[in-house]
Amino acid sequence: MGFFPASVLPFVAAGDEVLVGAAAALAWTAGESAAGAATGSLGGSITLGAAALGCAGALVVVGAIGVAAYAVADRSRAKHAADVARSEKEQIEELWRRGIQPVVTPNLIEQEMAKRRVQYQEGFFHFAVTGTAGSGKSSLINAFRGLRNRETAAAATGVTETTLTLQRYPDPDPQPPVVWYDVPGAGTLDVPDWQYFNTQGLYIFDCIIVLFDNRFTATDIAILRNSARFNIPAYIVRSKADQQIRNTMREMGYDSDDENGDPGLRNGLYQGARQQFIEETRRNASSNLKKANLPDRRVYIISNNTLLSVIKEETPRKAIDEVELRRDIVNHALAKRGIVGTQV
């Protein structure tokens, strides 16, 4: 079994035919847009983000404008475009000096570069998992892929995160093709929190899963805010629920070494610890969102072992939000592709 339930596979297969045509149309539109920019038609083709960052993408766009303008004997337009880009760059640099975080929108060239960097493939679903080092991203990705941590092809776990690049993990089940990405934590990169979203190219993904512990980091908040800007479904997830519940049980007096313990007492402590953990987690998430001036939203509380059972189409034990998380990711991903009538 793969991440997508068998019940939706016929709809995905039918949708692929539509996606091929849509991709071709999108490529044609992108080409037309680039051509319009090359002849000096600004119309937003030189984005604030490209001008502000002064990156290679902006230089290429400005250079393309100059070459095209020369080709049509219209150097004045090229000069005007360069002047506008230079002016916008200076304005953004001034905002930086004043501590104001600019809104940065990637241009077409930056989008294509981001896709190449992650080996983006049309017709595939691309899902990103973000979070700090040690938050359990690799274990979560393995569960989503229907694998246990020590199985062949599973993502490595239990090591300190040192990678500076996205790690790419294709789903073992190719129907439909899904690729999972482990995004390096912001603490491992010398990148401002507000710039992290664009630097990692998160705007190209079909969905983003934000793993958090007791509180949100500045990067988590930036990801949630930018996901809304780019209309990308984002899911706040608290994993390792089973471990947290056991810890709470111990705090409540449960002794796991007592083999002769009262089963009724143990079950009562479990139910109490479970409810306490769920309530505290939802309350903390709501408080964090409010402090960040973000609208309240659902937090999915899961255990990786239970999620693995859900992916394998087994009856899960002690489930909290695992079934709903899978359902919502699948439904939103399909709806984003225009594939409807497939509610899981």
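**Exercise 1.** Classify Val323 as buried, partly exposed or exposed from its relative accessible area, then place the residue in its surroundings.

*Solution.* Val323 has a relative accessible area of 41% and is therefore partly exposed (buried is under 20%, exposed over 50%, partly exposed in between, with a 1.4 Å probe and protein chains only). The model is predicted: local features need pLDDT of at least 70 and side-chain atom pairs pLDDT 80 or more, while totals for chains, interfaces and linings use all residues. Residues are numbered from 1 along each chain as its sequence is written, and side-chain values use heavy atoms, without hydrogens or water.

Next, locate the residue: Val323 is in helix H12 (helices are DSSP runs of H or I with at least four residues, strands are E runs of at least two, numbered from the N terminus). Setting aside neighbours within four places in sequence, Val323 is in contact with Val310 and Pro316 (contact means heavy atoms within 4.5 Å). Finally, the C-alpha atoms of Val323 and Leu307 are 7.4 Å apart, although 16 residues separate them along the chain.

**Exercise 2.** How many residues of helix H11 are buried, and which helices do they pack against?

*Solution.* Count within residues 304-311: seven of the eight residues of H11 are buried. By name these are Asn304, Thr306, Leu307, Leu308, Ser309, Val310 and Ile311. They pack against helix H6 (137-144) and helix H12 (322-336). Just past the end of H11, Glu313 has a positive phi of about 60°.

**Exercise 3.** Give the strand order of the six-stranded sheet and identify the strands at its edges.

*Solution.* The sheet is open, its pairing is mixed, and its order is S2-S3-S1-S4-S5-S6 (two strands pair if DSSP finds at least two bridges between them). S2 and S6 (299-301) are the edge strands; each has a single partner strand, so one side of each lacks a neighbour in the sheet. From one strand to the next, the twist averages 25°.

At the S6 end, S5 (residues 234-238) runs parallel to S6, joined by three bridges. Arg238 is placed opposite Ile301 of S6. Now add the helices. H10 packs on the sheet and touches S5 and S6, its direction making about 155° with that of S6 (axes are lines fitted to C-alpha atoms, for helices over the stretch in contact, and angles run from 0 to 180 degrees between N-to-C directions). H12 packs there too, touching S1, S4 (207-211), S5 and S6, at about 165° to the direction of S5.

**Exercise 4.** Work out how strand S3 is paired and how far it is enclosed.

*Solution.* Take the partners in turn. S1 (residues 125-130) runs parallel to S3 over five bridges, and Ala128 has Tyr181 as its bridge partner. S2 (residues 167-170) is antiparallel to S3 over four bridges, and Arg168 is also bridged to Tyr181.

Then check the faces. In a regular strand, side chains alternate between the two faces of the sheet. Val178, Trp180 and Asp182 lie on one side of S3, Val179 and Tyr181 on the other, and all are buried. Five of the five residues of S3 (178-182) are buried, so the strand is largely enclosed by the rest of the structure.

**Exercise 5.** Describe the packing of H9 on H10 by angle, axis distance and residues in contact.

*Solution.* H9 (residues 241-251) and H10 (residues 263-291) pack at about 120°, with axes 8 Å apart. From H9 the residues are Ala241, Gln244, Ile245, Thr248 and Met249; from H10 they are Arg266, Leu269, Tyr270, Ala273, Arg274, Gln276 and Phe277.

**Exercise 6.** How many salt bridges does the whole structure hold, and where do the partners of Lys137, Arg337 and Glu313 lie?

*Solution.* The search gives eight (a side-chain nitrogen of Lys or Arg within 4 Å of a carboxyl oxygen of Asp or Glu).

- Lys137 and Asp182 meet at 3.1 Å, N to O. Lys137 is in H6 and Asp182 in S3, 45 residues apart. Lys137 is buried at 4%, as is Asp182 at 8%.
- Arg337 and Asp206 have their closest N and O atoms 3.1 Å apart. Arg337 lies in the segment after H12 and Asp206 in the loop between H7 (196-199) and S4, so the pair ties together parts 131 residues apart in sequence. Arg337 is buried at 15%, and Asp206 at 3%.
- Glu313 and Arg326 have their closest N and O atoms 3.3 Å apart. Glu313 is in the loop between H11 and H12, Arg326 in H12, 13 residues apart. Glu313 is partly exposed at 39%, whereas Arg326 is buried at 5%.

Lastly, salt bridges with shared partners join Arg282, Arg298 and Asp321 into one network.
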